[in-house]
Amino acid sequence: MSAIAKSNAHSIVEASPRAKAIAGTIVILYAVISILPLLWIVATAFKSQSDAIAYPPKVFFQPTLEGYVNLFTMRTRQTPDFIAKLPPPTTWYDKLVRQHDMVIAGPSKVVPRFINSLIIGFGSTFLAVFLGTLAAYAFSRFRIPLADDLLFFILSTRMMPPVAVAIPIYLMYRQLNLTDTRLGMILLYTAVNVSLAVWLLKGFIDEIPREYEEAALVDGYTRLQALRKVVLPQAVTGIAATAIFCLIFSWNEYAFAVLLTSGEAQTMPPFIPFIIGEGGQDWPAVAAATTLFVMPIVLFTVLLRKHLLRGITFGAVRK
Amino acid sequence: MTTIIHPENAAIEGIGEPCKRRAGVAGKTWRARGLSDRAIAWLFVAPTIALLLAINIFPLIWMIRLSFTSLNLSMSYLPLRFVGLDNFQDILTDEDVWARLQTTAQFVICSVALQVVVGFGLALLINRQFRSHSFWTTIILLPMMLSPAVVGNFWTLLFQPQIGPFNYLVSLFTGLPPSSFSMTGEVALAPWTIVLVDTWMWAPYVMLICLAGLRSIPDYIYEAAEVDRASSWRQFWSITLPMTVPFLMLAVLFRAIENFKMFDMVNLLTSGGPGSTTELVSITLKRAAFEKWRTGYSSALAIILFVTVFGAANIYVKALKRVKQR
């Protein structure tokens, strides 16, 4: 008995402890090196202006929230005399800014840009997942003429270079007054995301046994009721994963955003590189914006781990 | 178990004829008020198709029309003049455009090749399943989830000759003064810089797909090879590699298409410079369309690029089909 158990164990295939240790060391080394740039940015966000541009680059420094304060405010430089005559600062950030002979003049544009990112991201995700679920269900369950061609057509729209797509969209949006509007960006991102949503969701819905629905149909449910009460609850993980992928795309997108928006509907990616202070990029503020911007993505990556493979291959590879 | 699903076959496994089934089983209860399956199918697919027609296809057709004109948006008071194939002729005989295409091809080939080496290597190592490998895998995957534009932007800080940590680290190891070279500002270095950052971002992508390939190889094949006393070198070449190739191919084609379209990361990292050493064709297109406002000309260039990508996509589908048939 024990001999059989032994032969079934994957002793031959499993790597030896030594091989494992070597593999582990190299991979961990790579992981640490590859995460360093990101950690450097997170650290830069807590540096003072002078620490951020110090030579040699500073690994240890006095942390400060200057970067974050600069990110969220507009400031004007004043003479020390002027500042001395002002009433004492009421908040910690007022105080921080005055140390550099500056006075807060108002909020910066980062919050509206962040809100744009949220509205456009969630709006286009909701629409793409809604449309994608319907289409994926139809492709999965019904015989649709030219289904393969339609599916390939849907996928091919995603393969166009974004700058090439932006040229006619720019002209069209100018005519329709959609340039630099959230609605325009939501529609555009929905169109890009819907191809991913259809392909991913079709895979997820294909995996739900038809018997469940058929049983529901026999029980007198209509198709739509069966979809809502049987299929959707089963597909909820797939829908959530798809939604996160769509959200990440919209959140990260730059080419369309920089070409088609300039103010009103501008999202974070085209905004971040242009956070400037006196004399060029305000690196601590840029780093602070990058940190805040990237954090949800890190969270999503961890949440999505199981479905990552599927998402990045349009459902072509699944586990 | 991992499977590659061929996109064309994926759709075929349909449910016979649901309409008939329904007529047979349904009876004439209140359910008869529900929509027919055929109606539902069209109702469900139509909005997606309509959106894609409106946002992708209609503009594309408009662009095809514009590509035969001399439209320049900075001089849009001029009447629209049709110039036939002049734009296409201008582009295809323009040495600069060919140079940009060559830059793009070099970037695609170098970055994808490097990503395959690094990604496949990492996948082989991770597949040995050392302790805590799944935690470190997630860490490695992070870069590819980030916004390419934001990545391009923060790497400019890391590459600053004086204050950037990259040059400082290089100087620690080589003794070169850190301000003696600029990764983004030198003709000899900049093309490698964009390859480096792209590899940092996307090697994990190749790794993830290769890992799926490696895990799809059943253990008994290795066990049989072991019985036959095949060396581990031999096992790699006759089992591991051939069985991972389909996955590798998928990764390569996805990456090649994406990198051919590359705009965001490079635009922020080098903006095509110094000179035009890293000016990928998407950046050329952006300049023609949104800086020089040569809409007719850039429409023609966009169409040429689109046809190229579409051709590559078709090769991709065919390659997958061949893989599927094995």
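**Notebook: two helix crossings**

I began inside chain A, where the axes of helix 10 (residues 182–206) and helix 13 (residues 236–252) come within 10 Å and cross at roughly 155°. That makes helix 10 of chain A roughly antiparallel to helix 13 of chain A (over 145 degrees; under 35 is roughly parallel, 65 to 115 roughly perpendicular, the rest oblique). Axes here are lines fitted to C-alpha atoms, for helices over the stretch in contact, with angles from 0 to 180 degrees between N-to-C directions. Helices are DSSP runs of H or I with at least four residues, numbered from the N terminus.

A note to self: this is a predicted model, where local features need pLDDT of at least 70, side-chain atom pairs count only at pLDDT 80 or more, and totals for chains, interfaces and linings use all residues. Residues are numbered from 1 along each chain as its sequence is written, and chains are lettered from A in the order in which they are written.

Back to the pair: the crossing of helix 10 and helix 13 of chain A is right-handed (the near helix is turned clockwise from the far one by less than a right angle). I listed the contact residues (C-beta atoms, placed from the backbone, within 7 Å); among them are Tyr189(A), Leu196(A) and Phe204(A) of helix 10 and Gly238(A), Phe245(A) and Phe249(A) of helix 13. By class, I found eleven nonpolar, four polar and no charged residues in this contact (Ala, Val, Leu, Ile, Met, Phe, Trp, Tyr, Cys and Pro are nonpolar; Asp, Glu, Lys and Arg charged; the others, Gly among them, polar).

Next I looked across chains: the axes of helix 16 (residues 283–304) of chain A and helix 6 (residues 133–145) of chain B come within 10 Å, crossing at roughly 125°. These two helices are therefore oblique to each other. Ile297(A), Val298(A), Thr301(A) and Val302(A) meet Thr138(B), Leu141(B), Leu142(B) and Met145(B) there.

Technical notes:
Two residues are in contact if their C-beta atoms, placed from the backbone, lie within 7 Å.
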